[in-house]
Number of protein chains: 2
Amino acid sequence: MAIQKITKDEILLKSSDVFRVKGYHNTSMQDLAEASGLLKGSLYYHFPSKEMLMKDLLVSIHTYLTNKVFLIAEDTSLTPEERMEKLLKKMGKLLLEKEGGCLIGNSILETVGVVPEFQSVLKVIMDDWTKALQTIYVTRKSSEQSFRLAQQTIMEFEGAVMFSKLYNERQFLYEAFARTMIKLK
Amino acid sequence: MAIQKITKDEILLKSSDVFRVKGYHNTSMQDLAEASGLLKGSLYYHFPSKEMLMKDLLVSIHTYLTNKVFLIAEDTSLTPEERMEKLLKKMGKLLLEKEGGCLIGNSILETVGVVPEFQSVLKVIMDDWTKALQTIYVTRKSSEQSFRLAQQTIMEFEGAVMFSKLYNERQFLYEAFARTMIKLK
DNA sequence: GTCTATATCAAGATAGAC
DNA sequence: GTCTATCTTGATATAGAC
């Protein structure tokens, strides 16, 4: 029994950076192995295929967001503005402000309709993200309007991330954050 | 000299559908050849590489948008509302409402930072799209505000296309169109 | 659990016949 | 201009040693 060089979760963490920057189809098992400090063949001890590795990654992102980020929306010890700001900051650090943009947004455009395995996880992430924002907006607006606002907010974020990537200029995302705070008023 | 089975432009047209639905890296020359009714090797008579084929496609899209769509914004025989509506309808048909979403948006997320050849064309398309919308907004708002509004409008469109793709529901895009008409007021 | 080695296949691309 | 045939590479994935 050889020494445990790296855990499954660590491989997923390293892989997420590669997928985000290079894209799903353009990333090889070779790339992922290098990022993890393993050799190509060793990855197949942890994951049966590149597709399952990616799916595990998406599920683990969903789990993390659910347990560590989205529940900020329900923290009644904070004002709605404070909740919104705290949630946006975390989403920024975890997903939106990273090099290569948003792994979730990238994956939606690249894989929906092409790799059916991923679609349901991607949907659930977006559903729960929407619900979290709705929970904050609903302190000030109707349930229906909050739902729409939540969706529009995420759309703006993803569009802003696209612009940030194209023009290599993070300001687009920060301005979208600022507009979101205004929408809450 | 054999019969001309297909022209360069026809290959680009067929290829755009494949790239949009399957993505750039996930599309093979085989796929493009099939879509064009040719065999793989024959494509290399028309284009030196897959990368150059894609670049030609992006340039031809930019040329078409410049000559047939963006100049609607300057048609002073129409009211700003009429110009906006006409331009949005055309952009919808050409780019946004298609199966697989928006080829330009897809390509930005998939290739910027990975295939440097494409970035400048993608930028110019977004620049000119922004300018066109700005030209319409500026009839009602300041130059600076029109520029911001134009950028935000496109971000919203791209975000809406992402949602439309994920949830297989075009309504997201149509609602973004409606919000754009309201912004002009 | 990670390594080395390898099987298998599909990709991008080229050469030459027609 | 398109075809057939082929080269070369790099990809996913597996087998077995350590």
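Buried, in what follows, means under 20% relative accessible area, exposed means over 50%, and partly exposed is in between, with a 1.4 Å probe and the protein chains only. By this scale B:Glu81 counts as partly exposed, because its relative accessibility is 26%.

This is a predicted model, in which local features need pLDDT of at least 70 and side-chain atom pairs count only at pLDDT 80 or more, while totals for chains, interfaces and linings use all residues. Residues are numbered from 1 along each chain as its sequence is written, chains are lettered from A and ligands numbered from 1 in the order in which they are written, and side-chain values use heavy atoms, with hydrogens and water left out.

## The two protein copies

Copies are superposed by least squares on the C-alpha atoms of residues with pLDDT of at least 70 in both. Chain B can be laid on chain A with an RMSD of 0.0 Å by a turn of 180° and a shift of 0.0 Å along the axis. The two copies are therefore related as by a two-fold rotation axis. The same surface serves both copies, since 100% of the contact residues of chain B recur in chain A, where contact means heavy atoms within 4.5 Å.

B:Arg179 gives one view of how the chains meet. This residue lies in helix 9 (residues 171-183) of chain B; helices (H or I, at least four residues) and strands (E, at least two) are DSSP runs, numbered from the N terminus. Leaving aside its neighbours within four places in sequence, B:Arg179 is in contact with A:Gln152, A:Met155 and B:Glu156. B:Arg179 counts as buried because its relative accessibility is 18%.

## The surface around the DNA

A residue is near a strand if one of its heavy atoms lies within 4 Å of it. Of the 18 residues around DNA strand C, those that come nearest are A:Gln4, A:Lys5, A:Leu39, A:Tyr45 and A:His46. Around DNA strand D there are 18 residues, of which A:Lys40, B:Gln4, B:Lys5, B:Leu39 and B:His46 come nearest.

Which part of DNA strand C supplies the atoms within 4 Å of the protein, sugar or phosphate, or the bases? Sugar or phosphate accounts for 71% of these atoms, and the bases for the rest. For DNA strand D, 65% of the atoms within 4 Å of the protein belong to sugar or phosphate and the rest to bases.

Several polar contacts (pairs of N or O atoms within 3.5 Å; within protein, one must be able to donate a hydrogen and the other to accept it, and residues adjacent in sequence count only if both atoms are side-chain atoms) join the protein to the strands. The table gives some of them.

| Protein atom | DNA atom | Distance |
|---|---|---|
| A:Ser42, side-chain N or O | strand C, phosphate oxygen | 2.9 Å |
| A:Tyr45, polar side-chain atom | strand C, phosphate oxygen | 2.7 Å |
| B:Lys40, polar side-chain atom | strand C, base nitrogen | 3.4 Å |
| A:Tyr44, polar side-chain atom | strand D, phosphate oxygen | 3.4 Å |
| B:Lys5, polar backbone atom | strand D, phosphate oxygen | 2.5 Å |
| B:Tyr45, polar side-chain atom | strand D, phosphate oxygen | 2.8 Å |

For DNA strand D, the elements that give two or more residues to the nearby surface are helix 3 of chain A together with helix 3 of chain B. By class, the surface near DNA strand C has 8 nonpolar, 7 polar and 3 charged residues, where Ala, Val, Leu, Ile, Met, Phe, Trp, Tyr, Cys and Pro count as nonpolar, Asp, Glu, Lys and Arg as charged, and the others, Gly among them, as polar. The surface near DNA strand D divides into 8 nonpolar, 7 polar and 3 charged residues.

## Salt bridges

Side chains of opposite charge can pair when their charged atoms come close. With a salt bridge taken as a side-chain nitrogen of Lys or Arg within 4 Å of a carboxyl oxygen of Asp or Glu, the count comes to 18 over all chains.

One of them joins A:Glu156 to A:Lys183, with the closest N and O atoms 2.7 Å apart. This pair links distant parts of the chain, as A:Glu156 is in helix 8 (residues 143-167) of chain A and A:Lys183 in helix 9 (residues 171-183) of chain A, 27 residues apart. Both A:Glu156 and A:Lys183 are buried.

In chain B, B:Arg140 forms a salt bridge with B:Glu81, the closest N and O atoms being 2.8 Å apart. The partners are 59 residues apart, with B:Arg140 in the loop between helix 7 (116-137) and helix 8 (143-167) of chain B and B:Glu81 in helix 5 (residues 80-96) of chain B. B:Arg140 is partly exposed, because its relative accessible area is 40%.

The side chains of B:Lys22 and B:Asp31 also meet in a salt bridge, at 3.1 Å from N to O. B:Lys22 is partly exposed, with a relative accessible area of 27%, whereas B:Asp31, at 18% relative accessibility, counts as buried. Finally, A:Glu144, A:Arg148 and B:Glu175 are linked in a network of salt bridges.
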